[in-house]
Amino acid sequence: MTGVAFEEAVAQRSVERVPLSHLSIELGHLYMEEFAGGMESLRRHFRRVAPWAQAAARTAAAKPGGNRPRISTCFLVDDYFSRFSTPREVIPMLVAAAEENGLVIDYLARESGCAVADEVPLAKLVEQALVTDPVPGSNGIRPPTTETGWLCNGQRSPNTVAIPAMADKIWLPPMQNAANRHSIFVDVELWDMENGMRRWSCPFLAAVWQLIRLGLLRHNGEVVTTPWQVEELPDDWDKLPAVVQLNPRAAAFSAYRTFSVLGSRFLQVELAVRTILNQVSIDPIVLDQVFTRMRGEQMELPKELVDRIDYVFIGE
């Protein structure tokens, strides 16, 4: 046959672009125990967060060419592990407490939206994108992450009971891949089972949350979790979109980089998040889109995904 051109399937795929701010600032998470403290508890939270969020915004203000930085803020509410109150009651309280401390919440997100949003199984998409780091000398006795629900950053201690050849070994330590002198071994539970259904872990949902904020997730080439503006807040969390735009003048929800101000109790969670993200494979077309736009804005971005994520952990 003549006159026939062959192209790789990947070149024919249409992948939607997502608007990007320069920086996404997370103003915190809200769980049932924090809400139980009432309005004064929320005021205290934002009073502690404000100096760090404002400092991050000032740092992002120095852009090449003198361009004004695009900065958006967000806040995450836990409606996955526990249900409390209603959007109609909670959201106005959050907005008011933030404004009293000079902060504006541009976007509010539901944690259950990191599992499923607009009928798209986001957590499952990220699980399918996991590429676990193989350990030299692995014997294959341990089932893959997709079966066990556990992911680590190195070699676990061998199970000497299950491996007869190692019967003479009393104990061997776990070892981190690419350790810097000494290992910091991390083993993360991605899910457990509840009533015959998967219940995704807090670190895994938080990893999905970071990928959403960085604008790196697609489903069949389409953007996921597009923010919605709502005319009236509902009385049921399930009736609220996964991401709600509260400020109509806000910059884009997703951003080149993220910054989160979190309580110190989240430090271990975010260590697990970074362990997970180090083993997530992002669609190369999406990555190319981000770096092409970055160069167009005369910016520089770290190649490693986790290096685009920054935090401040503050005491309770």
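Two strands pair if DSSP finds at least two bridges between them. The exercises below apply this to a predicted model.

**Exercise 1. Strands β2 and β3**

Task: Decide how many bridges join β2 to β3, and in which sense the two strands run.

Solution.
- Step 1. The cut-off is at least two bridges.
- Step 2. Between β2 and β3 there are 4 bridges, so by the cut-off the two strands pair.
- Step 3. Their sense is parallel.
- Step 4. One bridge can be located by its residues: Val77 has Arg110 of β3 as its partner.
- Step 5. Helix α4 (residues 87-100) joins with β2 and β3 in a β-α-β unit, and that unit is right-handed.

**Exercise 2. The neighbours of β1**

Task: State how β1 pairs with β2 and with β13, and name residues that stand opposite each other.

Solution.
- Step 1. β1 (residues 21-30) runs parallel to β2 (residues 71-77), with 6 bridges between them.
- Step 2. On this side, Glu26 faces Cys74 of β2, and His29 faces Leu76 of β2.
- Step 3. Towards β13, β1 has 5 bridges, again in a parallel arrangement.
- Step 4. Here Ser21 is placed opposite Ala255 of β13.

**Exercise 3. The whole sheet**

Task: Give the strand order of the open sheet and find which strands stand at its edges.

Solution.
- Step 1. The sheet has 6 strands in the order β12-β3-β2-β1-β13-β14, and the pairing is mixed.
- Step 2. The edges are β12 (243-245) and β14 (309-314); each has a single partner strand, so one side of each lacks a neighbour in the sheet.
- Step 3. On average, and with direction ignored, neighbouring strands are turned by 20 degrees against each other.

**Exercise 4. Burial and helices around the sheet**

Task: Explain why β1 and β2 are described as largely enclosed, and list the strands that helix α7 lies across.

Solution.
- Step 1. A residue counts as buried under 20% relative accessible area.
- Step 2. In β1, 10 of the 10 residues are buried, so the rest of the structure largely encloses this strand.
- Step 3. In β2 the count is 6 of the 7 residues, so β2 is also largely enclosed.
- Step 4. Helix α7 (residues 202-213) lies across β1, β2, β3 (107-110), β13 (255-263) and β14, at about 140 degrees to β13.
- Step 5. Helix α8 (residues 267-277) packs on the sheet as well, where it touches β13 and β14; the angle between the directions of α8 and β14 is about 165 degrees.

**Exercise 5. Aromatic pairs**

Task: Classify the pair Phe46 and Phe75 and the pair Trp200 and Phe204.

Solution.
- Step 1. Planes under 30 degrees apart count as stacked, over 60 as edge-to-face and the rest as tilted.
- Step 2. The structure has 10 aromatic pairs. In one of them, Phe46 and Phe75 have centres 5.6 Å apart and planes at 40 degrees, which is a tilted pair.
- Step 3. Phe46 belongs to helix α3 (residues 38-60) and Phe75 to strand β2, so this pair ties together parts 29 residues apart in sequence.
- Step 4. Phe46 is buried, because its relative accessibility is 0%. Phe75 is buried too, because its value is 1%.
- Step 5. For Trp200 and Phe204 the ring centres are 5.0 Å apart and the planes make 20 degrees, so this pair is stacked. Both residues are buried.
- Step 6. Other aromatic features include a cluster made of Phe35, Phe84 and Trp237. The ring of Trp191 has the charged end of Arg198 over it, 3.4 Å from the ring centre.

**Exercise 6. Positive phi in two loops**

Task: Locate Asn195 and Asn220, and decide whether each is buried or exposed.

Solution.
- Step 1. Most residues other than glycine have a negative phi.
- Step 2. Asn195 has a positive phi, near 55 degrees, and Asn220 has a positive phi of about 55 degrees.
- Step 3. Asn195 is in the loop between β8 (191-194) and β9 (197-200). Asn220 is in the loop between β10 (218-219) and β11 (222-223).
- Step 4. The cut-off for exposed is over 50%. Asn195 has a relative accessible area of 78%, so it is exposed. Asn220 has 70%, so it is exposed.

Key:
Residues are numbered from 1 along each chain as its sequence is written. This is a predicted model: local features need pLDDT of at least 70, side-chain atom pairs count only at pLDDT 80 or more; totals for chains, interfaces and linings use all residues. Side-chain values use heavy atoms; hydrogens and water are left out. Buried means under 20% relative accessible area, exposed over 50%, partly exposed in between (1.4 Å probe, protein chains only). Axes are lines fitted to C-alpha atoms, for helices over the stretch in contact, and angles run from 0 to 180 degrees between N-to-C directions. Contact means heavy atoms within 4.5 Å. A crossover is right-handed if, with the strands pointing away from the viewer, the path from the first strand over the helix to the second runs clockwise. Rings of Phe, Tyr and Trp (its six-membered ring) pair if their centres lie within 6.5 Å; planes under 30 degrees apart count as stacked, over 60 as edge-to-face and the rest as tilted. A charge sits over a ring if NZ of Lys or CZ of Arg is within 6 Å of the ring centre and within 35 degrees of the ring normal.
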